[in-house]
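Colleague: Please take me slowly through the interior of this model, with the charged pairs that go with it. I would like to know what is buried, what is exposed, and how each was judged.

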Amino acid sequence: MQKLLLEKDNVEGIRFYETYRREGGYKSVEKAFKMSPADIVEEVKKSGLRGRGGAGFPTGMKWSFIAKPEGVPRHLVCNADESEPGTFKDRYLMEFIPHLLIEGLIVSSFALGSNVTYIYIRGEYAWIVDILEQAIAEAKNNGWLGKNILGSGFDCEIYVHRGAGAYICGEETALIESLEGKRGNPRIKPPFPAIKGVWDRPTVVNNVETLAAVVPIINMGGDEYAKIGVGKSTGTKLMSACGNINKPGVYEIDMTISVEEFIFSDEYCGGIPNGKRLKACIPGGSSVPILPANLLLKTSKGETRMMNYESLADGGFATGSMMGSGGFIVFDEDQCVVRHTYTLARFYRHESCGQCSPCREGTGWMEKILKNIEYGKGKMSDIDLLWDIQSKIEGNTICPLGDAAAWPVAAAIRHFRDEFEWHVLNPDESQIRNYGLAHYAEPLTPKGELV
Amino acid sequence: MAEQQLFKVTIDNITIEVPAGTTILNAARMIGGDVVPPAMCYYSKLQNSGGKCRTCLVEVSKGSDKDPRPMPKLVASCRTTVMDGMEVKNITSQKAIEARKGVVEMLLINHPLDCPICDQAGECDLQDLSYGHGEDGSRFDFDKRIFDKHTLGPYIQLHMTRCILCYRCVFVADQLTQTRQHGILDRGERSEIATYIEKNLDNDFIGNVIDVCPVGALTDRTFRFKNRVWFTKPVDAHRDCPKCCGEVRLWMRGDEVFRVTARRDEWGEIRDSSNGKTGWICNECRFEKKNTSDWVIEGTTKVNRHSVIAQNKYVGLKRPPEFIEEVMDGVKQRYMLDIHNVSEVNEPEIRLDLIEGPAHSEDFEIADEKREEKENK
């Protein structure tokens, strides 16, 4: 199993410049500065790298869209506002190997011609700001940042900007607004940030992991990178696994393993503790649809589901999900899907920016209904009402937060409707015990003795 | 100057040529009538407004001649510019109508529906919207969110419960006045228009926030609870004002001036004044000149909107052209509050004074039969 990003995360002192450099760090900058910016973009295009923040948009293509008007500065912004429940991969990267991000930022800034580059970091990651700023200072002292880097005539400064605790600022246009010092409301697109971003200048916003992945791409070449993985899911992906698993944590996978292997192998999550059985899983962070165990391990066509963009999305939203940002949340048989959906609805109600009406009003409405169902006060008609509300939010909002709020509710009702109905029909019983597995896990082969 | 490029756009099977850069909504307004999507937050005189309320969602079934793919989602027509050869579906798209119903329902779930005591009733955009595009009843059976009332200075009252967060008043303060003391506090469901903390809105042109408010969230304190808008008569008047254009609309009853507003066009937006200035009026004209002697009266005016205050009241009211039958295979237009079509009370054949006791529906049924007989003959 090839590791690219987390190859040296166990090396003592990799957080500091001396060790990082000794372990072969900043080689990609030396290599990149001998290339032309257009060549770097071309390499990234060849690598087939897809955005790791959730949407999976090809990074090389995004970079080639940036407008290049004369005399207008361009900016690269690193989106480190990782607030998705269940996702913590960027935190791991920034906390333990900050120089990898700095290195990727220098190369990407050079490719895009950004002299002033920002890292917009989530406000709650307060201590990571110090780590990053220390890393930036170290890089600057050693001549990797500042004026005339490596004698190439290219100037670059990196600034760390702290958010103030809003999930919505992970959306790229809201992030830009917030970076400009305004209220973090998403902008209405078009114009896209590639044309008018920070201070109306062309801007590229990329996820931390995407920018870190630029380093191995430059080191090994785009073609070599593209050979890792399968199909359009090239390279490696960081997965932050959590929930009912033996070994929660951040894992680097090369997108050729199956979901079953990821959950049950000892190399990764290590199976489900206490001999419980798998009930459901959210494969890509809280916004993506939840999948019951039978659809998670096998697609509706009966093929083995693999850990990559295409396979996880196989079957669309009816029987599939999304890779998302890689927040892998596993549920065992003791978890209540209604309660989980209510928790997520509460999160989205709290994080909606309040700009456009379907999301502002709809998220609050869904939360209230789900709360009723969860606490045994629901009606049967509430389930259909929930379905109707989510369908009226989805696709009708300015930014993807509306979709992100609607999808988990939709998927929970789609796959776990009987659990919702059981909650409505057994209001008292639902307060003292859980619905359990029901038929979701039936196609599974038993794992362990306790079934 | 280069000749302006014209784009051909088809909205609900009606084709029109508009200058490049026009939004779909404005193109639809050029056609007029039923194909115009409703707009609650868009205000053509305010930059950056629009895109927030999502009532103007339309389906784009063909992107342009060059790229004929349909757009995957419904788009906000107020912020989407037309492309050459674009085909837009508004009232002919079931998807758009459904989405709009959803938006109207969501706008109303936390709205107090206190129209009987609201000063905006009768000229409220939300009333028009919910009547024209909403469904009967609401499926929301929870407590509505409430806010405290705020008095923003001597002239303006804020009822945050009624607000639909269109941001228009924020744009007015940003674009018309030198300082902005109010804005959005908090986020999501709890977001509110407020000053930080408890300041007065004190600026020469801040009174315009009342005119742009589509609902009764910002009301005129000098007019509150004095009269219903449909009892007052709109009269155009002007005065020589050093600060603003001085062209206003007085709302009078008898000789008494109840309130002063700017002049509005048929979309409820401020109209440019006759001497080419913008039509925004200053606080002095709006709040302090409440005598007929302050004004040069130009005469009663027509309120060119399909609202309660305009209905059947003003002679010579020009209805927008009606395309609905044409584009929707003979589906008849639904008139807004056209009581004369649904009730026979005003039918001259029925003399209410000749009916013994109170009039019942049967009395009118008899009249209906009589009329049918007459028509058959």
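Modeller: A residue is called buried here when its relative accessible area is under 20%, exposed when that value is over 50%, and partly exposed in between. The model is predicted, and by this rule 52% of the 377 residues in chain B are buried. Chain B contains 9 helices and 14 strands, and of its contacts with a separation of 6 or more, 63% are between residues 24 or more positions apart.

Turning to the nonpolar interior, the largest core has 60 residues, and Ile102(A) and Ile119(A) have the most contacts inside it. Helix H6 of chain A (residues 98-112) supplies the largest share of this core, with 9 residues. Leaving out residues up to four places away in sequence, Ile119(A) touches Ile102(A) itself, and its other partners include Leu101(A), Leu105(A), Ile136(A), Ile158(A) and Val160(A). Another core, of 56 residues, lies apart from that one, and Tyr43(B), Ala173(B), Leu201(B) and Trp280(B) are among its members. In general, nonpolar side chains tend to be buried together in soluble globular proteins.

Val103(B) gives a view of the interior that involves both chains. Val103(B) belongs to helix H2 of chain B (residues 94-109), and it counts as buried because its relative accessibility is 0%. Beyond its neighbours within four places in sequence, Val103(B) is in contact with Ser357(A) and Pro358(A), as well as with Cys53(B), Arg54(B) and Thr55(B). The C-alpha atom of Val103(B) is 9.6 Å from that of Cys56(B), 47 residues away along the chain.

The cysteines deserve a separate word, as the structure holds 0 disulfides over all chains. Cys166(B) has its nearest cysteine sulfur, that of Cys213(B), 6.1 Å away, and a disulfide would need the two sulfur atoms within 2.5 Å. Cys166(B) is buried, because its relative accessible area is 7%, and Cys336(A) is likewise buried, at 9%.

As for the charged pairs, the count over all chains comes to 53 salt bridges. In one of them, Lys237(A) and Glu209(A) meet at 3.3 Å, N to O, and they link distant parts of the chain, since Lys237(A) is in strand S7 (residues 237-243) and Glu209(A) is in helix H9 (residues 208-220), 28 residues apart. Both of these side chains' residues are buried. A more local pair joins Lys227(A) to Glu224(A), with closest N and O atoms 2.9 Å apart; both lie in helix H10 of chain A, 3 residues apart, which is about one turn of the helix. Here Lys227(A) is exposed, at 62% relative accessibility, and Glu224(A) is partly exposed, at 39%.

Asp334(A) pairs with Lys276(A), their closest N and O atoms being 2.8 Å apart. Asp334(A) is in the loop between strand S11 and helix H15, and Lys276(A) is in the loop between helix H11 and strand S9, so this salt bridge ties together parts 58 residues apart in sequence. Asp334(A) is partly exposed, at 35%, as is Lys276(A), at 26%. Finally, shared partners join Arg52(A), Lys89(A), Asp90(A), Glu209(A) and Lys237(A) into one network of salt bridges.

How values were computed: Residues numbered from 1 in each chain as written. Chains lettered and ligands numbered in written order. Predicted model: local features only at pLDDT ≥ 70, side-chain atom pairs only at ≥ 80, totals over all residues. Heavy atoms only, no water. Core = buried A, V, L, I, M, F, W, Y, C linked by side-chain atoms within 4.5 Å. Buried < 20%, exposed > 50% of the residue type's maximum accessible area, 1.4 Å probe, protein only. Helix = DSSP H or I, 4+ residues; strand = E, 2+ residues; numbered from the N terminus. Contact = heavy atoms within 4.5 Å. Salt bridge = Lys/Arg side-chain N within 4 Å of Asp/Glu carboxyl O.
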